[in-house]
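Dear colleague,

Here is the structure I said I would pass on. My notes on what turned up in it follow below.

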Amino acid sequence: MRFLKKKGLWFTVYGIFITLVFLYLLFPGELVKSRLEDSLNSNDFMVKSASLHPALPLGIKLKNVTISSAAQEFALFQGELLDLQLNLLSFFRKNTYIGLTGLAYDGSFDGRVGFVSLAKVYPPAEVILNFENIDIGKYSLFKGDPGKSYTGRARGTLTYITDEADRSASGTLTLFFKKGSYPLTEPFLGMTRIDFDRGEVQAQLKNGIFKLEKIETFGPQINCFLKGEITPAADFRNSQLNLNGTIEILSKDKVKMKVTIGGTLASPAIRYI
């Protein structure tokens with residue numbers, strides 16, 4: 001084609017390319033990172049990152065990101081990489097939407113977050129998050145002493161919506177687990193933990209309470225089937241548990257036992273019936 005042979009065209013392309021390179025190299029990442037963190041940080045939560053760089057087409061890329069809250073002793077989120085992209089359709093919508101992808105806990109995630117205004121990002125108007133191959137043992141809430149921490153891999157979907165009228169929150173959580181274990185507060189039949197091959201959790205957030213519609217784990221020795229509620233506390237570790245269900249002991253003859261779990265997430269009280 002003749003237009004491809006025109007030198008002026010290639011000089012223009014070259015000029016645009018060089019301009020983009022210089023804009024990338026001269027991007028004030030440290031200044032933007034500092035101002036971004038200052039604008040996001042509040043009494044509700046704090047955001048810290050090691051570095052910030054521009055990311056095509058209309059976003060930024062953060063490395064070693066930590067999101068924490070003064071109310072929690074554990075970090076809400078720790079990720080190796082977080083790529084944020086402005087959704088151009090936001091200009092035609094009520095809320096501003098930011099697409100996100102990243103790496104965390106040896107896994108990956110993607111989704112979007114909607115804000116009523118970028119000047120006030122907490123609480124978000126909407127969150128949709130999908131995650132794959134997350135090492136649950138690396139999440140700070142589930143860490144513990146050797147032999148007393150949760151293990152396994154998880155994938156799933158999280159949704160969260162804030163009602164603009166009364167500021168109430170609702171959401172759903174679906175989790176699928178594979179090849180892991182969870183510790184017991186007290187030994188049961190000589191076991192200090194329960195191993196599982198697969199598991200599933202289905203939950204809803206409604207009226208300030210997490211309603212657990214399904215908690216199931218299937219393992220080589222024990223299957224567990226639970227449901228109930230978790231009433232959140234300011235420090236999530238102190239959230240109240242109200243769960244009940246059955247466990248199956250996989251011996252020669254399957255033995256079923258009823259179980260109730262009270263207490264808190266940090267200190268659950270298990271009763272076998």
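Among the contacts in the protein chain with a separation of 6 or more, 36% are between residues 24 or more positions apart. Please keep in mind throughout that this is a predicted model.

As for overall make-up, the protein chain has 15 strands and 2 helices. It is 273 residues long, and 33% of them count as buried. The exposed area of the protein chain is about 17,100 Å², of which carbon and sulfur atoms supply 60%.

The core

The largest nonpolar core contains 46 residues. The members that touch the most others are Phe109, Phe177, Phe188, Val201 and Leu212. For Val201 I have the neighbours in detail: leaving aside residues up to four places away in sequence, Val201 touches Leu173, Thr174, Leu175, Phe177, Leu212, Lys214 and Ile215. Two of these, Phe177 and Leu212, also appear in the list of core members with the most contacts to other members.

Strands S10, S11 and S12

Strand S10 covers residues 191-206 and runs antiparallel to S11, with 9 bridges joining the two. At the end of this pairing, Lys206 stands opposite Ile209 in S11. The hairpin of S10 and S11 has 2 residues between the strands, and Asn207 takes a positive phi near 55° there.

S11 in turn pairs with S12, again in the antiparallel sense, over 7 bridges. The hairpin that joins S11 to S12 does so through 3 residues. Leu212, already named for its place in the core, stands opposite Gly228 in S12.

Salt bridges

How many salt bridges does a search of the whole structure find? The count is 8, and three of them are described here.

Lys211 forms a salt bridge with Glu229, and the closest N and O atoms are 3.1 Å apart. This pair links distant parts of the chain, with Lys211 in strand S11 (residues 209-218) and Glu229 in strand S12 (residues 222-231), 18 residues apart. Both ends count as partly exposed: Lys211 has a relative accessibility of 30%, and Glu229 has one of 27%.

Lys138 forms a salt bridge with Asp106, where the closest N and O atoms are 2.7 Å apart. Here too the pair links distant parts of the chain, 32 residues apart: Lys138 is in the loop between strand S7 (126-135) and strand S8 (151-162), and Asp106 is in the loop between strand S5 (96-104) and strand S6 (107-115). Lys138 is partly exposed because its relative accessible area is 37%, and Asp106 is partly exposed at 41%.

The third one joins the side chains of Glu248 and Lys256, at 3.8 Å from N to O. Are its two ends buried or exposed? Glu248 counts as buried, because its relative accessibility is 10% and the cut-off for buried is under 20%. Lys256 is exposed, with a relative accessible area of 61%, since exposed means over 50%. One further point on the salt bridges is that those with shared partners join Asp106, Lys138 and Arg153 into one network.

Regards

Definitions and conventions. Residues are numbered from 1 along each chain as its sequence is written. This is a predicted model: local features need pLDDT of at least 70, side-chain atom pairs count only at pLDDT 80 or more; totals for chains, interfaces and linings use all residues. Side-chain values use heavy atoms; hydrogens and water are left out. A nonpolar core is a set of buried Ala, Val, Leu, Ile, Met, Phe, Trp, Tyr and Cys residues joined through side-chain atoms within 4.5 Å. Buried means under 20% relative accessible area, exposed over 50%, partly exposed in between (1.4 Å probe, protein chains only). Contact means heavy atoms within 4.5 Å. Helices (H or I, at least four residues) and strands (E, at least two) are DSSP runs, numbered from the N terminus. Accessible areas come from the Shrake-Rupley method with a 1.4 Å probe; for residues, only the protein chains shown count as cover. A salt bridge is a side-chain nitrogen of Lys or Arg within 4 Å of a carboxyl oxygen of Asp or Glu. Two strands pair if DSSP finds at least two bridges between them.
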